[in-house]
Amino acid sequence: MTDAITLGEHLRAQGISRRGFLKFCAATASLMALPPNMVPAIAKALETARRPSVIWLSFQECTGCTESLTRSHAPTVEGLIFNTISLDYHHTLQVAAGHQAEQARADAMKENWGKYLVVVDGSIPLGDPGFSTIAGVSNVEMLQETVKGAAAVVAVGSCAAFGGLPGAAPNPTGAVSVRDLVKDTPVINVPGCPPIPVVITGVLAHYLTFGKLPALDELGRPKAFYGQTIHDRCYRRPFYERGKFAESFDDEGAKKGWCLYKLGCKGPITYNACATTKWNEGVSFPIEAGHGCLGCSQPRFWDLGGFYKPLSQGTSTNAETLAAAAAAGVAIGVGSAMLSKRRKDQSQKEEV
Amino acid sequence: MSTTIDLRAIPLGPGEETQIEQTLGSGEVSATMESLGRSEFQETGIAGVWLVTHRNAQEEVIARFIEIVEVPQLLRSQRQDMADALSELQSRLAAESG
Ligand code: SF4
Ligand code: SF4
């Protein structure tokens, strides 16, 4: 249930010092992909933030998104989920089952009418509502009923955001996305298959911190995480620019870490954050492991013509892209410039 | 004046974070802080450039920054904690004398 006390009070009551709180704010800024100079503003906002109530609905899904979230190494998984948000209904994680569980959902809605967040994973089948039901209620009915009093809906994962795997051709269940059905409540799409855990928590943290939704792109994705393509931030990019491509997964180019474009990499058309946030506590991401991007955060990525088929058209390296790259470079700072220069030298050396 | 760079915001390739660390080297001062998990503050071999690593209670790295500053802000005693500490000290002394 929503606590009357603020997050600042909550942390102090637990004996957490101001230092601890500021550390939490610094990690949260990083989590939300906000610049470190925002920390004082975040601290100010979080001090007075109140716990939002969250109702999590799982429809036609594989639980991978929940898995991803609960594996998150964010400062806050235990913290954010169990302390700073009030997760009132999640049928995979909650203890209550059956009528009790449904009662918890009804109570949370009533108590927090107009203020609670609904998180959805999974697509919604319209073909035959019987394809997926919870407590005898069809997914579409449950969604429509639950979003009525919601402040916003967060569609977590490519299935909820775009229809995902269930929606892939020939879409036997008639799967649709949350946005296809919810028109009167703001919907934030957090796609990915699964989405990056810190991106899920980052979006929730943003709402918690500022009490409003982050800036979204035209597909409803938060710009902070989906503002740039994988290709924009790929460390193999210098090889792409020099036309150095791996032609097969075990050739010389692959061993030297050249660009995976010809092996079907969808990085140039995929907006996601994994080139910087990485996976598994920041260890690595698919391209670093030698495999092209599948485009998992894009609509209809299952139907893009084959994971190993190269994109038919090259990406533009027009003036605008180059200017954006330069601006990003400035923001990134000296260290990275030094490294990319070294990479360039390397790629030049390899040319001779 | 200070500048902070979030290492998570930089697209780093394999081994490049280590390269940055090696280039900066380690300097004269290092400190740890225990609050919501351990944090490490290492002044690098470049005076005024600090490498700050925050961990959670499970020891996992949750954020890493390069801070260019005389002393990282978090190493200072914080006003609010000092105020709380003063009343804590007073109650300890009262308990002793009572
Ligand atoms: S095509 Fe793929 S591997 Fe090549 S630079 Fe772009 S994102 Fe990286
Ligand atoms: S590399 Fe591409 S397919 Fe893989 S996780 Fe990142 S965005 Fe998704």
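The expected span of a helix is 1.5 Å times one less than its number of residues. This is a predicted model, in which local features need pLDDT of at least 70, side-chain atom pairs count only at pLDDT 80 or more, and totals for chains, interfaces and linings use all residues. Residues are numbered from 1 along each chain as its sequence is written, chains are lettered from A and ligands numbered from 1 in the order in which they are written, and side-chain values use heavy atoms, without hydrogens or water.

**View 1. Helix α10 of chain A, residues 197-210, and the residue that follows.**
Let's start with a helix (a DSSP run of H or I, at least four residues, numbered from the N terminus). α10(A) has 14 residues, and the distance from its first C-alpha to its last is 20 Å, close to the 20 Å expected at 1.5 Å a residue. Of these 14 residues, 13 are buried, so α10(A) is mostly covered; buried means under 20% relative accessible area, exposed over 50%, and partly exposed in between, with a 1.4 Å probe and protein chains only. Just after α10(A) comes G211(A), and its phi is positive, near 65°.

**View 2. Two cis peptide bonds in loops of chain A.**
Look for P194(A) in the loop between β9 (187-190) and α10 of chain A. The peptide bond that joins C193(A) to P194(A) is cis, with omega about 0°. The other bond in this view runs from A169(A) to P170(A); this peptide bond is also cis, and its omega is near 5°. P170(A) belongs to the loop between α8 (157-162) and β8 (175-176) of chain A. In the loop between α8 and β8 you will also find N171(A), which is not a glycine but has a positive phi of about 45°. N171(A) counts as partly exposed because its relative accessibility is 23%.

**View 3. Strand β1 of chain A, residues 53-58, beside strand β3 of chain A, residues 116-121.**
Now for a strand (a DSSP run of E, at least two residues). In β1(A), 6 of the 6 residues are buried, so the strand is largely enclosed by the rest of the structure. Side chains in a regular strand alternate between the two faces of the sheet. Here S53(A), I55(A) and L57(A) point one way, while V54(A), W56(A) and S58(A) point the other way, and all are buried. β1(A) and β3(A) run parallel and are joined by 5 bridges; strands pair if DSSP finds at least two bridges between them. To locate one of these contacts, follow S58(A) to its bridge partner D121(A) in β3(A).

**View 4. Strand β4 of chain B, residues 49-55, with β3(B) and β5(B).**
In β4(B), 7 of the 7 residues are buried, so this strand is largely enclosed by the rest of the structure. V49(B), L51(B), T53(B) and R55(B) point one way, W50(B), V52(B) and H54(B) point the other way, and all are buried. β3(B), residues 38-44, runs antiparallel to β4(B), with 5 bridges between them. W50(B) in β4(B) is the bridge partner of E43(B). These two strands form a hairpin with 4 residues between them, and G48(B) in the turn has a positive phi of about 90°. β5(B), residues 61-68, is joined to β4(B) by 7 bridges, and this pair also runs antiparallel. Here L51(B) stands opposite I66(B) in β5(B). β4(B) and β5(B) form a hairpin with 5 residues between them; E59(B) in the turn has a positive phi of about 75°.

**View 5. A9(B) and L36(B), each in a loop of chain B.**
A9(B) is placed in the loop between β1 (3-6) and α1 (16-24) of chain B, and its 35% relative accessibility makes A9(B) partly exposed. L36(B) sits in the loop between β2 (26-34) and β3 of chain B. L36(B) is partly exposed too, with a relative accessible area of 37%. Although not a glycine, L36(B) has a positive phi of about 55°. A9(B) and L36(B) are 27 residues apart along the chain, with 23 Å between their C-alpha atoms.

**View 6. The surroundings of ligand 1 and ligand 2 in chain A.**
A residue is near a ligand if one of its heavy atoms lies within 4 Å of it. The residues surrounding ligand 1 are H231(A), C234(A), R236(A), R237(A), Y240(A), C259(A), L260(A), Y261(A), C265(A), G267(A), P268(A) and I287(A). Around ligand 2 you will find I230(A), T270(A), N272(A), C274(A), W279(A), P286(A), C293(A), L294(A), G295(A) and C296(A).
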